[in-house]
Amino acid sequence: MLQLQVLSSSFERKRYIQCRDALQEAQKYSAMFEKMNDMPKVKELNDKQRQICRQIEYYIRNTVFADISLEKVEENTMAEACAIVDLMGSEIIKKIRDRFIEKVLETYTTRFKRGTDDATLSRTERRYVYIRTLLENYDSMFKNVFPRQWCVPQELCVTFCIRTKQELDFQLQESASSMDVVVLTYILEKTIDIERDLTQSLAWKEEFPGKSELPVYKYNGMMLSAFREHMGLFVQNEDKLMSEALSQPLVGDGEAACQGWKSADEETRVGTALPLAEDIFVFIKESLKRSLRIAQQDVLLDMAGVWRKHLVRFAKSVTTVLPDPALQPLQVRRACILINTADFCRSTSQNLGEEVCVRSEAPPKDVAFDQVVDAFSSVYSQSVMAIVRGVELAMAPLLIEYGNGAYLSARRDEDANSGGAHDESRQVRAMATVLHDTVVYCAALLPTLPLRFVLNKVAATIIPLYNNTLYRQRRLSNDAVAAMRVDAAALEKTFLQLPNYNDPNRYQPAALSAYIKLVRREFDPLHRALKVLQVDARNNAFMDLYYELTLPDDRSIQNFVRLVELKGLRREEVRGWITGLSKRGVVEATPRDLQREAMLGLATGTGAPGAAAGGGSHLRRALRRATAAPWPAAARGGAAGGSRRRRGP
C-alpha cells in the first residue's frame, strides 16, 4: 500500500526515477501475494496498481512523446519515462514505441505524399536517403532513450518498409503501361541496396543480456516484393544487354582480337581461347549478382533461361568459324583455340548451372543447363575431329601409296642408294612427320588433358586406316610381309612416343597408360595378321595358326579368306579350311570386316550392297577412288615371292 502511495505521489510530481523504483517494489509485493489474488484486499491493491500504470502510460504517450522535434529533444526526461514503461509489460511498451514511430514518420508521410514530385517512381531513391538520414539522427538523439530490447530502430524500419512497399505498389501500377526499364532496373538495385544495408546495420552485433530472446530482423524482400509482377522487364533488359554483349565479332577486332587467330606466326600461349567467351561469363557473373540480390526464385530461373539461350546460341556461332578439316598450321591453331574455348565454356557453364540449382533450390531439370554443357561438348568434339580429319587428309596420299605397295619399291630404291640406312619405308617416315607436326601445333595451345584427348582420337582413327592398307594389296611376298612388319613396328613406336614428342616431361608415364593401351590394342590385329602371313598358305598349319593368333573378335571367314588371297590362293582352294573354321564357331564376318569393306570398297561377297558408299571422311573417299587405280608394277611384282602366281579374287 505504501509503495502505491509513493508511486502515485511521485508521478504527480513527475519524478520518473522515483516512480520506477516504487513501481518495481510494488511489483515485487504483487508477485509475493500472487496466490492470494482472489482475496478482496489483494485484488483491490492490484486493481489500484493497474489504474496508476494506465494513467502513467497515457500521460507519457500523449505528453512526453506527443510532440517530438528533432531540433529539441528532452533526452533525459524521455529516458526516465521509458524506464518506468519498461516495467509495465510488452503491450504498454508497444504502444509507446508505436507512438514514437508514428510521430517520427509524420515528416516522411508529408514529404512523399502522393502527387508530389518526391513521390514519383523515378524519385524512389530519395525515400531511401530519408531513412538513412533518419537512422543517423536516431543514433545521435535517441540511442540512449529507449532500452535496446525495445527494438525501436528495427521496428521503425519495419514500418518504413511496409509503407514504402504500399507506395511502390501504387506507383508501379500507375506506371505499368509506360514504365522505363532503365528506371525500373535502377530502382531495383537501389531497393536491394537499402534492404541489404538495413539488415546489416540493424543486426545484433554485440553481446548483451537477453539478446537470444530478441527477434532477428531481415528486411530483404520487404519492399522488393512490390516489383514481383514487373520482373519481366528486368529479365528483358538483361536479355537485351546480353544480346549486345554477344554482338561483338567472335574472334575480336583490333587490339581485342584473339591472339594467334589471324596468323600462324603470332606468339600464343597454352590455353588461348576466344576473348569473347571470357567476356560473356564476366557479364553473366554480374547478371547473377543482380539476380541474387533480388532474392526471388522465379526471377533467378528466368535469368537462367536467358543465359542458357545465349550460351547455346554462342556455342552454335563458334562452329561457324571452325576450319574443317584443319589441315594447314593456321587451321590447326584455330581448331585448338576453339577446343580451349569450348572446354572453358563447358566447365564454367556446368559450375554456373550447379550454383543456380543451389541458389534457387530448383532441380537440375528446371535449370536445364545440361543443354549448355552438351552444346559446348559438341563444339569440343567437332573441333577435335576437325584436327583428326586434317590428319586424315594429310595422310591420305601416303596411305594410298602404301596400300598400292609403293613401300616395297621405295625401300628397294633406298637400299640401293643409301645402303639400307633406314629400316622403315619413306611413306612411314612421312606419316611420322605429319604426326609430329600435329603434336607441335597442338601442344603450343592445348593443355595436357585436351591434347591427350586429341592424340587418343588421332590414334583411334589413323591406326585402323594404316592397318587396312594390308587388305588393299592383292598379294604379298615374304619380303613384303617382312617390310610391313618393320613399318608397323616403326609407326607404333612413333605413336607411343607421340605425347612427349619435343617435350619429354609433358606427361608422366602414369598419365599415358590408357593411351599406350589404346595404341597397342589398335596395332595388335595387324601384328597378328602379319605373323600369320609369314607362314606358307599351303601349309596345313596355316588355318590352325590363324585360329590361334587371331583374337576372337577378329576371327571371321571373310578375314581368313582375305589373308589367303594375299598369299596367292583363292577361296575355292581352301573350302576345307573354311568348313573347319565354321565348325569351330568362326562367323562369316565381324563388324570390323564390314567396316573395312565399307571403307575400302572390297568385294568379298559378304557385304551389303552399297556398303562402300557409307564412308564419309576425306580419306575414305580418297581410298575408294584409289581402289579403281591400276596397281603399280612394284605391287604386282611383290606377288612373285609366292610358289605359284595366281589371279586375285
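How much accessible surface does the protein have, and what share of that surface belongs to carbon and sulfur atoms? Hi everyone, let's start there. The accessible surface is about 32400 Å², and carbon and sulfur atoms hold 50% of it. Please keep in mind that this is a predicted model.

Now the overall picture. The protein has 649 residues, and 46% of them count as buried. Its secondary structure consists of 26 helices, with zero strands. If you take contacts between residues at least 6 apart in sequence, 77% of these join residues at least 24 apart.

Let me show you one helix, H21, which runs over residues 541-549. Its buried residues are Phe542, Met543, Tyr546 and Leu549. Because they span an arc of only 145° around the axis, they sit on the same side of H21. And what covers them? The cover includes helices H20 (513-533), H22 (557-566) and H23 (575-583).

Next, a single residue in a loop. Thr272 lies between helix H10 (231-246) and helix H11 (275-294). Buried or exposed, what would you say for Thr272? Its relative accessibility is 4%, so Thr272 counts as buried. A polar atom of the Thr272 side chain is 2.8 Å from the backbone oxygen of Arg269. Leaving out residues up to four places away in sequence, Thr272 touches Cys258, Gln259, Ile337, Asn340 and Leu445.

On to charges. Side chains of opposite charge can pair when their charged atoms come close. This structure holds 30 salt bridges, and I picked three to walk through.

One of them joins Glu102 and Arg163, with 2.8 Å from N to O. Glu102 belongs to helix H5 (residues 90-104) and Arg163 to helix H8 (residues 152-174), so this pair links distant parts of the chain, 61 residues apart. Glu102 is partly exposed at 38%, and Arg163 is partly exposed too, at 21%.

Helix H8 comes up again with Glu167, whose salt bridge to Arg114 has its closest N and O atoms 3.1 Å apart. Arg114 is in the loop between helices H6 (106-111) and H7 (124-141), so the pair ties together parts 53 residues apart in sequence. Here Glu167 is buried, at 16% relative accessible area, whereas Arg114 is partly exposed at 43%.

The last pair is Arg148 and Glu206, at 3.7 Å between the closest N and O atoms. Arg148 sits in the loop between H7 and H8, and Glu206 in the loop between helix H9 (181-201) and H10, so parts 58 residues apart are tied together. Arg148 is partly exposed at 40%, while Glu206 is exposed at 53%.

Finally, Arg111, Asp117, Asp118, Arg123 and Arg126 are joined into one network by salt bridges that share partners. Thanks for listening!

Note on methods. Residues numbered from 1 in each chain as written. Predicted model: local features only at pLDDT ≥ 70, side-chain atom pairs only at ≥ 80, totals over all residues. Heavy atoms only, no water. Helix = DSSP H or I, 4+ residues; strand = E, 2+ residues; numbered from the N terminus. Buried < 20%, exposed > 50% of the residue type's maximum accessible area, 1.4 Å probe, protein only. Polar contact = N/O pair within 3.5 Å; in protein donor to acceptor, adjacent residues only side chain to side chain. Contact = heavy atoms within 4.5 Å. Areas by Shrake-Rupley, 256 points an atom, 1.4 Å probe, with all protein chains shown as cover. Arc of directions from axis to C-beta. Salt bridge = Lys/Arg side-chain N within 4 Å of Asp/Glu carboxyl O.
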